[in-house]
Amino acid sequence: MAHKFTTDAIIGLEVHVQLNTKTKLFCSCPTNVAEPNTAICPTCLGHPGSKPVLNSKALEFATKLSLALGCTIAPTAVFSRKTYFYPDLVKNYQITQYEVPLGSHGIIILDIGKLIRIERVHLEEDPGALIHESGATLIDYNRSGIPLCEIVTHPDMHSPAEAREFMKKLLNILGYLGLFDQNTCVIKADANVSIREKNYERVEIKNITGFKEIERALTYEIERQKQQDVRRETRGWNAEKGTTYTLRLKETEEDYGYIVEPDLPLFEIDPNWIRAIKATIPELAEARAARWVSDWKIDETDAKIIAANIDVAELFETIAKKIDPVFSSRWVRREILRLLNDEKKELRETQFRAQELIELFKLLIDKKITDRIGQRIIEQLAKKQFSPAAYVKEQNLVMVADENTLEKICKTIIEQNKKAVQDYKNGEEKSLMFLIGQVMKQTKGTAAPNVVKELLKSLLA
Ligand code: ZN
Ligand code: MN
């Protein structure tokens, strides 16, 4: 049997997700301020005598995420101090959860059915931000105390692509839960990676920002490990150069000297409160897509792509309950998602509503209008709400399938495009498409294209 050599890599991730609360984790400073060092107070600056107060919204969000990841919730939330020195860390310690994480034993399932176990989900505060500018380093403490949720996986991934897929699925869940804002919140990951050829000596790569970077960073690092001696260490990721570099020889978690935070109480977590949060978790993307495929026979890829965005998924469900789901799914994916993608817009930034789209799709299904007219109306529905049926009537956009009418137009077009006609007769199929296009143009997109095609073919035969 042929033996193909592959690198056996082992990858684990620690992902830091910024929760989109209005205020910080332990004080009431706002989280959305741009002007440096203006969203600060004695607590997030670590002034003597200041005391942290837990933001209950952050605890709720982290609990919601833990539940959506299938985690068990700890009966008590315990906070600890992780002690180390760094200029961005005002108190010389970070308040985090160590001994008992808020959530444990979760999973994310990759498309091939592979389970990625989640070891822990915990809450912690972000340090400040160091800004390196023209040879100097500035510190912005606006980030100091921003609530983060850390998600730690078991080393269950075996390729950079799997790590990327994990991140994508996690982001999707965060989007569904509405506790992470793609535009304002930061997501960063640290990755542990080791390969068989180097006896799985573990290297950690810190601070990889953005989920696409994960795959790049890991691909580079695995290649580097194959070619160089590998030692246990912590490396940084230079996104510009696309390389990793040594930061420090690896310290262990125990080196940080954790102590339980004496300024915060233990928070008992009421099972009823957990149940209430659980009840607010929407059906997640994968479950939705699977349901559409089985109940409505939607193409699996279409279903997954539509379900990936909760707003689009909700819109689609509303439409599909009223009108042919398979037809609707094609139009939502090909036209609505394409438009959002092209214009780099979120659904809520457009004027799309189920009501008008149902009306439009009905016109298409009943062959009252051509696809081309449908596409044009969709572009306008993105910008303003109006009745497609009334508009079609008003603008005379009803599909023309009448052969007598179309034959006259076809004859005119043949008359006016002698060269294309000659090319077609010489065997150029493209020229027929050109002629159909001319008829469509002449009829402002209302001519039934299949009728036009047959007419032209018989007129030119
Ligand atoms: Zn503050
Ligand atoms: Mn952390």
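Asn199 sits in the loop that joins strand S11 (187–195) to strand S12. This is a good place to start a tour of the structure, which is a predicted model. With a relative accessibility of 70%, Asn199 counts as exposed, because the cut-off for that class is over 50%. Asn199 and Tyr258 are 59 residues apart along the chain, and 30 Å separate their C-alpha atoms.

**Two residues with positive phi**

Let us follow the chain into strand S12, which covers residues 203–209 and holds Asn207. Asn207 is not a glycine, yet its phi is positive, at about 55°. Why is that worth a remark? Most residues other than glycine have a negative phi. Asn207 has a relative accessible area of 46%, so it is classed as partly exposed.

Ser134 offers a second example: its phi is near 30°, again a positive value in a residue other than glycine. Where is Ser134 found? It belongs to the loop between strand S8 (129–133) and strand S9 (136–140). Ser134 has a relative accessibility of 77% and therefore counts as exposed.

The table puts the two side by side.

| Residue | Phi | Location | Relative accessibility |
|---|---|---|---|
| Ser134 | near 30° | loop between S8 and S9 | 77%, exposed |
| Asn207 | about 55° | strand S12 | 46%, partly exposed |

**The domains**

Stepping back to the whole chain, the domain assignment gives domain 1 (9–278), domain 2 (285–394) and domain 3 (403–459). How far apart are the centres of domain 1 and domain 2? Taken over C-alpha atoms, the separation is 37 Å. Where these two domains meet, 6 residues of domain 1 are in contact with 9 residues of domain 2. The size of an interface is often given as the accessible area lost when the parts come together. For domain 1 and domain 2, about 560 Å² is buried between them, and 42% of that area lies on carbon and sulfur atoms.

**A pair of helices**

Our last stop is a helix pair: helix H5 spans residues 285–296 and helix H6 spans residues 300–307. The two pack at an angle of about 145°, and their axes are 9 Å apart. Which residues make the contact? From H5 come Ala285, Arg288, Ala289, Trp292 and Val293, while H6 supplies Glu300, Ala303, Lys304, Ile306 and Ala307. Sorted by character, the residues of this contact comprise 7 nonpolar and 3 charged, with no polar ones. As for handedness, H5 passes H6 in a right-handed crossing.

Conventions: Residues numbered from 1 in each chain as written. Chains lettered and ligands numbered in written order. Predicted model: local features only at pLDDT ≥ 70, side-chain atom pairs only at ≥ 80, totals over all residues. Heavy atoms only, no water. Axes fitted to C-alpha atoms, helices over the stretch in contact; angles between N-to-C directions. Helix = DSSP H or I, 4+ residues; strand = E, 2+ residues; numbered from the N terminus. Left-handed = near helix turned anticlockwise from the far one by under 90°. Contact = heavy atoms within 4.5 Å. Nonpolar A, V, L, I, M, F, W, Y, C, P; charged D, E, K, R; others polar. Buried < 20%, exposed > 50% of the residue type's maximum accessible area, 1.4 Å probe, protein only. Domains from an automatic or database assignment. Buried area = accessible area lost by both parts, 1.4 Å probe.
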